Each structure stands twice: as structure tokens, then as C-alpha cells.
Amino acid sequence: MTTAREGAPRDRQPPTRIGLRSNRASRSGGRLLVTTDRPCVVIRHRGARDGRTGRPTVFLDRDGVLIENRGAHVRRASDVVLIPGAVDAVRRLSACRDVVIVTNQAVIERDLAPAEEILAIHRSIVDTLTAAGADLTGSVICPHDPARRCMCRKPKPGMLMAASRAWGCRLKDGWMIGDAITDVQAGAAAGCRTMLVRTGRGAVHKGDTRRAHPDCVIAASLSRGLDRLLT
Ligand SMILES: [Mg+2]
Ligand SMILES: [Zn+2]
């Protein structure tokens with residue numbers, strides 16, 4: 001399980017007013033409106049190692065990397081389908097790197113699903129990874145509609161910077177792994193090396209990514225890309 005914490009408040013952007021129901025509020029059945037100027041939702045995972053270990057950080061996109069993309073977004077627990085090999089890949093990765101999930105979830109602000117449901121789905125994915133022996137530092141979720149032009153939604157690097165501020169995650173020698181060119185753009189903007197996986201949208205984004213980011217490593221999947229990353 002996870003616990004929500006304060007996000008990094010220092011980003012210069014307009015306050016967001018999003019009806020995120022907290023874990024505590026959902027347990028008590030009430031709706032707690034967390035009116036906040038936080039730029040994104042920053043979640044430290046229970047039992048996570050301190051981020052200041054000096055190990056490089058691997059930032060993982062979620063949809064299309066860990067779980068299958070859905071045309072109409074992942075909005076309910078039954079939408080979650082793990083990508084083969086992903087769980088074991090995260091376990092192997094987290095044995096020697098700090099691992100943080102960074103995911104755009106505009107469905108929250110667009111009100112396409114209750115924020116509580118989206119956060120519960122995310123928690124269940126993290127629980128599955130943890131139960132398999134993965135050790136995740138945390139997750140950062142951008143809940144904003146793209147029209148808000150926030151500083152955290154990928155392709156901007158705000159979520160990576162938020163993790164760096166919150167947990168001392170090391171960006172130098174870090175990696176950003178995603179299935180979209182926007183993941184690669186965010187990673188490059190944060191000074192990380194980048195990997196595009198051909199799961200999810202990666203097969204479609206491969207050509208543009210290769211042209212714009214010739215240094216980006218392209219791999220069939222997270223599992224298949226690990227050897228490249230860990231050598
Ligand atoms: Mg994705
Ligand atoms: Zn955002």
C-alpha cells in the first residue's frame with residue numbers, strides 16, 4: 001500500500017483545484033477535497049529505500065510499459081493487464097537502481113473516472129510489483145488536463161524533478177523508459193538517458209523518436225531492454 005505525501009510546492013504554476021480523495025477520506029467514506037497548489041501527486045511507497053542512496057534512478061512510464069494501454073484509458077481495475085515480463089523486470093531493476101513511476105493521468109482532472117479509483121488502480125499495480133519483490137521508491141502522477149499546460153505533464157520533466165526534490169533521486173546516470181516520444185522528451189530534458197520500448201505506443205513512436213533522439217535506446221520491451229541498461 002502507499003501513502004500520499006505533500007508534493008513539491010515550489011514549481012511556479014497556477015494552483016490546481018482537484019478533488020482528490022485521500023486514502024484516509026476514502027476509508028472513512030467522506031470526500032476530502034485536497035485543494036492544493038501541488039504540481040503533481042507525489043507518493044512515497046511504504047518501506048521504500050531512501051532515495052539518497054546515490055544509486056542512479058530509473059523512471060518508468062506506466063501505461064504501455066508496465067501495463068497495456070487502453071484506448072479509452074485505464075479507468076477501472078478490470079482494465080489493468082500487465083505486460084509480460086514487466087513485473088520481473090522491475091524486480092531485477094530495483095535490486096540495483098532506484099525506481100520511480102512517472103505517469104500522466106489526465107483522466108483525473110478530466111473527470112473521466114473518480115480520482116479515488118485512479119489512485120486505487122495505481123496502488124494495486126504497485127502492490128503487485130511489491131509482492132513480486134520489487135522495491136519502488138515512489139510514484140509521481142500528473143493529474144492535469146493538457147489544456148492546463150502544467151509543468152509536470154510529460155513531455156515536460158516536472159515529475160522527474162519532483163522526485164529528485166522529494167527523495168533525492170539521482171538524475172545523473174539515470175534513465176527514463178517509456179513507450180512514447182513524450183517520455184523520451186521528458187527524460188532528455190531532465191538529463192537522463194532514455195529508452196523507448198516497443199510495447200504500448202512504442203511501435204508507432206519509434207520512427208519519430210529515433211529521428212529526434214538518436215541516442216535513445218529502442219527495445220522490444222522493458223524486460224528485453226534491461227540488459228542494455230544494466231551493463
Ligand atoms: Mg505510456
Ligand atoms: Zn501536471
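User: How do you know that strand S6 (residues 98-104) and S7 pair, and in which sense do they run?

Analyst: In this predicted model, S6 and S7 are joined over five bridges in the parallel sense, and because at least two bridges are needed before two strands are said to pair, the condition is met. One place to look is Ile101, whose bridge partner in S7 is Ser139. The chain gets from S6 to S7 by way of helix H3 (residues 115-131), and this β-α-β crossover is right-handed.

User: What makes strand S4 (residues 41-45) a partner of S7, and in which sense do they pair?

Analyst: S4 and S7 share four bridges, this time in the antiparallel sense, and the requirement of at least two bridges is therefore satisfied here as well. Along this pairing, Val42 stands opposite Val140 in S7, while Arg44 stands opposite Gly138 in S7.

User: Why is S4 called largely enclosed?

Analyst: Four of the five residues of S4 are buried, and so the rest of the structure largely encloses this strand.

User: What makes strand S7 (residues 138-142) count as mostly covered?

Analyst: Five of the five residues of S7 are buried. In a regular strand, side chains alternate between the two faces of the sheet. For S7, Gly138, Val140 and Cys142 lie on one side and Ser139 and Ile141 on the other, and since all of them are buried, both faces are covered.

User: Why is Arg97 called buried or exposed, and on what count?

Analyst: Arg97 has 21 C-beta neighbours inside 10 Å, and because 20 or more are needed for a residue to be called buried, Arg97 counts as buried. This residue is placed in the loop between H2 and S6. If neighbours within four places in sequence are left aside, Arg97 is in contact with Arg55, Pro56, Thr57 and Val58. The C-alpha atom of Arg97 is also 9.9 Å from that of Trp175, although these two residues are 78 residues apart along the chain.

User: How do you know whether helix H2 (residues 86-94) and helix H7 (residues 222-230) are roughly parallel or roughly antiparallel?

Analyst: The axes of H2 and H7 come within 8 Å and cross at roughly 25 degrees, and because angles under 35 degrees count as roughly parallel, H2 is called roughly parallel to H7. On the side of H2 the contact is made by Ala86, Asp88, Ala89, Arg92 and Leu93, and on the side of H7 by Leu222, Ser223 and Leu226. Sorted by class, this contact of H2 with H7 has five nonpolar, one polar and two charged residues.

User: Which residues of helix H5 (residues 181-189) are buried, and what covers them?

Analyst: The buried residues of H5 are Ile181, Asp183, Val184, Gln185, Ala186 and Gly187. Their cover includes strand S5 (56-60), helix H4 (158-167), strand S8 (170-178), strand S9 (193-197) and helix H6 (202-212). After H5 comes Gly191, whose phi is positive, near 85 degrees.

User: How many helices and strands are there in the protein chain, and what share of its residues count as buried?

Analyst: The protein chain has seven helices and 10 strands, and 46% of its 231 residues count as buried.

Methods. Residues are numbered from 1 along each chain as its sequence is written. Chains are lettered from A and ligands numbered from 1 in the order in which they are written. This is a predicted model: local features need pLDDT of at least 70, side-chain atom pairs count only at pLDDT 80 or more; totals for chains, interfaces and linings use all residues. A residue is buried if 20 or more other C-beta atoms lie within 10 Å of its own, exposed if 12 or fewer, and partly exposed in between; C-beta atoms are placed from the backbone. Helices (H or I, at least four residues) and strands (E, at least two) are DSSP runs, numbered from the N terminus. Two residues are in contact if their C-beta atoms, placed from the backbone, lie within 7 Å. Axes are lines fitted to C-alpha atoms, for helices over the stretch in contact, and angles run from 0 to 180 degrees between N-to-C directions. Angles under 35 degrees count as roughly parallel, over 145 as roughly antiparallel, 65 to 115 as roughly perpendicular and the rest as oblique. Ala, Val, Leu, Ile, Met, Phe, Trp, Tyr, Cys and Pro count as nonpolar, Asp, Glu, Lys and Arg as charged, and the others, Gly among them, as polar. A crossover is right-handed if, with the strands pointing away from the viewer, the path from the first strand over the helix to the second runs clockwise.
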